[in-house]
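Got the viewer open? Here is a short walk through the model, stop by stop, with something to select at each one.

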Amino acid sequence: MINGTKLTAAPIRWAMVGGGQGSQIGYIHRSAALRDNVFQLVAGAFDIDPQRGRDFGASLGVDPARCYADYQTLFAEEAKRADGIQAVSIATPNGTHFAICKAALLAGLHVVCEKPLCFTTAEAEELQRLAAARGRIVGVTYGYAGHQLIEQARQMIAAGELGDIRIVNMQFAHGFHSAAVEEANPATRWRVDPKLAGPSYVLGDVGTHPLYLSEVMLPELKVQKLMCSRQSFVASRAPLEDNAFTLMQYHGGAMGFVWSSAVNAGSMHGQKIRVIGSKASLEWWDERPNQLSFEVQGQPAQVLERGMDYLHPAALHDDRIGGGHPEGLFEAWSNLYYRFALAMAASDRDDQAALAAIHYPDIHAGVEGVRWVENCVRSADQGGVWVDYQ
Ligand code: NAD
């Protein structure tokens, strides 16, 4: 259980690039990083507009002298200080991640980077090599993976409670962009501009989330080939898609499916993962994250509740309040951020055994998300054909 336990020897001196005033995702990064006293926000380049970034940083209590105009100045100036930053989170639009992440690693910093990590697998692998060469941690914020029942599903599948895995059915299909909301909303506008968003919209923006959940629950399952069809129902978004269907064949014969969409009118998040085995199925829905459905063929369906003693110890490890009281996305992100901090601390003391035991969305997860999007786009742009997974 986590409720005030000291998790690291001292808070890690931490900065943010992006995540400024009014950004969608900045607040949850700060909330998650600061929740368990494992990070301390001491600097930042919070905004594309330097003055707005400085004012915002000051309003967060950061020394105005350490609220910099851009990330290059942030890294250069902090490196001169004895008490300079040790880690940085990158919460800027997609097109900037590669350059900022590379610069941070070259500056010797640990990194938490938003997904997608970058635009191409080649770039992602370059970051992976750089992180390994410098001995730095890169965490990627696939935040839903911090929900405790994802760990419960992983443990039940590993124990064979589902039998042989046959089908993984996934979706992240919301309805918020059913109309061309980007015309009035800058945070949506960059998402449908290939220069700023990359080679895809919904595949990278939402599809990679349940995909990563499947990687956590089923670490042995590897895609062999896939087929993707993508559409721009709001025509002005072309060539980027606002809807995509991806069919996957895994090595060993199991099948997977991911529906990625921003035009599922009337749906809130619509993120679900259902894992179907020869004996039973598990299903988790991010709008009810405290419940996990367990359905054994021929028996009444069960609903497992977060925080209850019948769960696997690994699924109780991050419990903060006990069963009944709902925990949500903010707690899930906190669970990831404290693991990022543990990994950074283990890396700094070169404790490879401790590092190997910490399970979190790392640079490998970031690379795999980019690889999946690249394969989906390759299939879709050939007319939705089966392609070997590269
Ligand atoms: P946003 O447009 O709402 O905010 C972006 C912020 O970055 C703004 O404060 C902007 O001023 C700042 N910024 C832009 N360029 C900058 C630069 N060069 N230097 C410093 N600051 C800069 O975007 P958002 O919705 O918060 O998304 C940011 C990232 O987070 C995207 O990569 C997105 O895919 C990701 N995201 C992830 C999740 C998740 O669940 N993990 C959810 C939403 C968004």
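The stops below run from the ligand to the two sheets and end with some backbone oddities. Keep in mind throughout that this is a predicted model.

**Stop 1: the ligand**

Select the ligand and bring up its surroundings: 23 residues surround it. The closest are Gly 18, Gly 20, Ser 23, Gln 24 and Ile 25. Colour the shell by residue class and you get 8 nonpolar, 10 polar and 5 charged residues.

**Stop 2: the five-stranded sheet**

Now show the open sheet with strand order β2-β1-β3-β4-β5, where the pairing is parallel. At its edges are β2 (39-45) and β5 (138-140); each has a single partner strand, so one side of each has no neighbour in the sheet. Look along the sheet for its twist: neighbouring strands are turned by 25° against each other on average, direction ignored.

Zoom in on β3, residues 87-91. How many of the residues of strand β3 are buried? The count is 5 of the 5, so the strand is largely enclosed by the rest of the structure. Turn on the side chains: Ala 87, Ser 89 and Ala 91 point one way, Val 88 and Ile 90 point the other way, and all are buried.

Next, pick out the partners of β3. With β1 (residues 12-18) there are 5 bridges in the parallel sense, and Met 16 stands opposite Ser 89. With β4 (residues 110-113) there are 4 bridges, again parallel, and Ile 90 has Cys 113 as its bridge partner. To see how the chain gets from β3 to β4, select helix α4 (residues 97-106): the path runs through this helix, and the β-α-β crossover is right-handed. Moving on, β4 and β5 pair in the parallel sense over 3 bridges, with Val 140 as the bridge partner of Cys 113.

**Stop 3: the nine-stranded sheet**

Select residues 154-387, which an unreviewed UniProt entry annotates as the domain "Gfo/Idh/MocA-like oxidoreductase C-terminal". This span is 33% helix and 24% strand, and its end C-alpha atoms lie 28 Å apart.

Then display the other open sheet, of 9 strands, in the order β13-β12-β11-β10-β6-β9-β8-β7-β14; here the pairing is mixed. β13 (302-305) and β14 (387-388) are the edge strands, pairing on one side only. For an antiparallel pair, select β11 (residues 280-285) and β12 (residues 291-296), joined over 4 bridges; Ala 280 is matched with Val 296 in β12.

**Stop 4: backbone oddities**

Most residues other than glycine have a negative phi, and most peptide bonds are trans. The next few picks go the other way.

- Lys 115 to Pro 116: a cis peptide bond, omega near -15°. Pro 116 is in the loop between β4 and α5 (121-134).
- Ala 238 to Pro 239: also cis, omega near 10°. Find Pro 239 in the loop between β7 (223-231) and β8 (243-250).
- Asn 37: phi is positive, near 60°, in the loop between α1 (26-35) and β2. It counts as partly exposed, with 16 C-beta neighbours inside 10 Å.
- Asp 350: a positive phi of about 55°, in the loop between α11 (329-348) and α12 (352-357). Is Asp 350 buried or exposed? With 9 C-beta neighbours inside 10 Å, Asp 350 counts as exposed.

**Last stop: Pro 199**

Finish in the loop between α8 (194-197) and α9 (202-217), where Pro 199 lies. Pro 199 has 21 C-beta neighbours inside 10 Å and so counts as buried.

Note on methods: Residues are numbered from 1 along each chain as its sequence is written. This is a predicted model: local features need pLDDT of at least 70, side-chain atom pairs count only at pLDDT 80 or more; totals for chains, interfaces and linings use all residues. UniProt positions are given in the numbering used here, feature names are shortened, and annotations may be inferred rather than shown by experiment. Helices (H or I, at least four residues) and strands (E, at least two) are DSSP runs, numbered from the N terminus. A residue is near a molecule or strand if its C-beta atom, placed from the backbone, lies within 6 Å of it. Ala, Val, Leu, Ile, Met, Phe, Trp, Tyr, Cys and Pro count as nonpolar, Asp, Glu, Lys and Arg as charged, and the others, Gly among them, as polar. A residue is buried if 20 or more other C-beta atoms lie within 10 Å of its own, exposed if 12 or fewer, and partly exposed in between; C-beta atoms are placed from the backbone. Two strands pair if DSSP finds at least two bridges between them. A crossover is right-handed if, with the strands pointing away from the viewer, the path from the first strand over the helix to the second runs clockwise. Axes are lines fitted to C-alpha atoms, for helices over the stretch in contact, and angles run from 0 to 180 degrees between N-to-C directions.
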